[in-house]
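Let's take a walk through this structure together, starting with a sheet and then working outward to the rest of the fold. Keep the viewer open and turn the model as you read.

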Amino acid sequence: MSSANLNERVFRVALRGGSILTNPRWNKGTAFTLAERKDFGLTGRLPCRVNTLEEQLDRAYDQLRSRESDIRKNTFLQSMKDQNWVLYYSLIGRNLRELIPIIYTPTEAEAIANYSHLFRRSEGLYLTFPLQESMEEDFLEQTRGRNIDLIVCSDAEAILGIGDQGVGIATAKSAIYTLLAGIDPSRTLSVTLDVGTNNDDLLNDRLYVGWPNKRVRGEEYDKFIDKFVQLIRKYYPHSLLHFEDFGVTNAYRLLEKYRATHACFNDDVQGTGAVTLACIMSAVGVTKSELKDQRFVIYGAGSAGLGIARQVRDGIVTIDGVSREEANKQFWLLDKYGLIKESLGPEKIRDAVREFVRPDDEWVDVQTNEKGEVGLLEVVKRVKPTVLIGCSTQAGAFTEEIVKEMAKGTERPIILPLSNPSRLHEVKPQDANDWTEGKALIATGSPFPPCKQPNGKEYIVAECNNALIYPGLGFGAVLAQSRTLTDTMIIAGTQRLASLSPALKDPDNALLPDFGDSPEINLEVAIAVAEQAIEEGSAGVSWKKEEVRENAKNKQWKAIYGKYQYDPEGEQ
């Protein structure tokens, strides 16, 4: 639906007076027309002048700029979100590059760390372990009468860069889905699953708003989570359930437990893997090779590193027709114990990484440390990787010696230091570029300026940002009303993203599209996902693949004011 048509759309609304002005879904502020002011009892509640959305945006942006620190800008925008959705999403949508880092990483991490001290009003649904007897009642109190497409839940154990935060609401993720994929914010629900915290600073903070108890583990934790998931399945079977910021011991386990029976997604596990796979596919296109020909060394085998390994492996299986077992042999993973190999023993090898464990007989003549562990340099010397991926948060881990050693074994090294924030990157892009004499194909987890090439040209460094793909993956599943988000649906979205790479037209350009184009990119990803769902029979809609694009555009929510008519039986 075009913007012009959206402006003409008529909404019948049951709220009047102060109720509509305090409802962020319906509030227009000074943009209510004179007729609407009379109809909704607002004439004496607003100043005379009727503003356009453009005028409101100018005023809001000036107010935003007056806040000097990023955290103050974050709280200003949060306050705006509590008042007026159209103004909030329109302002950010027109300033994506500048404002996404304010409402999301890295500033949102600081906001969550100070959540209890910045707290003004509740947002979303809070489900707390000792109050679980009323969970269904509490759930229905928040959702009764609502159509919900997206549910983002978090137990806040692994907030990016700051770890366990106890009660950190996952509203930022929902906002990204709306901004970059067009999911209607009135059809989303953010849920905090408060199972306690092991953060002593929070437990000792007299202003902490969460449950001041040590984190629940084991069977009790699983039963609590399951009770919540079964409510989702019961009342919203076609919704997408997004797991956010779960700890490494639970992230992959919960995803695997529920994804066969409901459309589930974990950005840390699947989103990072999907955008990295797209980046690698683009690089492979530049080198005129194939995924099955690559040798992957992944430094950091937590949720992100393991998620990348699994997603890239699945891509090799699906795209190149290689068996799962053979594809696993293309990966070498390192964690805090060095290379993950058999002799580390069961106490040091997590079940989740077992299929990537390397046999000891490959390393009998390789230098180890005093504990018998094989380090990154020795792995690079032996493996001669074509792709080096960093998810370790160890700044400078890809040293000059390691990068130059890698460059000896491949003509175009693919180097992806993905740790966030930028101060924790394993190597600076300019250094990687210099140490490989301009031959490296590089993407990073945070924005970096272009690199100067030996020939004087600039090399554009791609930002391997999950937000280029996960909103589209989720929107595609919602659009198709799929009961599951299958691996093949994710691969389809990944292939569509890779096909849009600027580097395929110019090798000196970025391996991934510009983040400023992310709304258009995510629409393409969503279309590919929905088309795949229809093709494989996992969709819950009756329309055909040829109708996906039109339906996707019509489904998208836009930050535009419509026309209102008062109706006591209308929407609230």
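Before we look at any sheet, a quick word on what pairing means here: two strands count as paired if DSSP finds at least two bridges between them. Bear in mind, too, that this is a predicted model.

With that in hand, find the open sheet of 7 strands, which runs in the order β9-β8-β7-β10-β11-β12-β15. Its pairing is mixed. At the edges sit β9 (338-339) and β15 (462-463), and each of these pairs on one side only. In general, the strands of a sheet pair through backbone hydrogen bonds, and they can do so either parallel or antiparallel. For a parallel example, go to β10 (residues 387-390) and β11 (residues 414-417), which are joined over 4 bridges. If you want a spot to zoom in on, Leu388 stands opposite Ile415 in β11.

Now move to another strand, β5 (residues 240-243). Which way do its side chains go? Leu240 and His242 point one way, Leu241 and Phe243 point the other way, and all of them are buried. β5 has parallel neighbours to explore. One is β3 (residues 150-154), which runs parallel to β5 and is joined to it by 4 bridges; here Leu150 has Leu240 as its bridge partner. Another is β6 (residues 264-266), paired with β5 in the parallel sense over 3 bridges. In that pairing, Phe243 stands opposite Asn266. To get from β5 to β6, follow the chain through helix α14 (residues 251-258): the three elements make a right-handed β-α-β unit.

Next stop is helix α10 (residues 135-143). Met135, Phe139, Leu140 and Thr143 are buried there. Why do these four belong together? They cover an arc of only 125° around the axis, so they end up on the same side of α10. Swing the view round to the face turned away from that buried side and you'll meet Glu137 and Glu141, which are exposed. And what do the buried residues of α10 pack against? Their partners are β2 (125-128), β4 (188-194) and α13 (218-235). Just past the helix comes Gly145, with a positive phi near 85°.

Since α13 has come up, let's pick out one residue in that helix, Arg233. Is Arg233 buried or exposed? Neither, quite: Arg233 has a relative accessible area of 34%, so it counts as partly exposed. Leaving aside residues up to four places away in sequence, Arg233 touches Thr261 and His262. Thr261 is 28 residues away from Arg233 along the chain, yet their C-alpha atoms are separated by 8.5 Å.

Finally, zoom out. The protein has 24 helices and 16 strands, and its C-alpha atoms fill a box of roughly 85 × 55 × 50 Å along the principal axes. How does the radius of gyration compare with that of a compact globule? For 572 residues such a globule would come out near 25 Å, and the protein has 25 Å, so the two agree. Buried residues make up 56% of the 572. Looking at contacts between residues at least 6 apart in sequence, 70% join residues at least 24 apart. As for the surface, the protein exposes about 24400 Å², with carbon and sulfur atoms supplying 47% of it.

Definitions and conventions: Residues numbered from 1 in each chain as written. Predicted model: local features only at pLDDT ≥ 70, side-chain atom pairs only at ≥ 80, totals over all residues. Heavy atoms only, no water. Buried < 20%, exposed > 50% of the residue type's maximum accessible area, 1.4 Å probe, protein only. Helix = DSSP H or I, 4+ residues; strand = E, 2+ residues; numbered from the N terminus. Arc of directions from axis to C-beta. Contact = heavy atoms within 4.5 Å. Right-handed = clockwise from strand over helix to strand, strands pointing away. Rg over C-alpha atoms; globule rule 2.2 N^0.38 Å. Areas by Shrake-Rupley, 256 points an atom, 1.4 Å probe, with all protein chains shown as cover.
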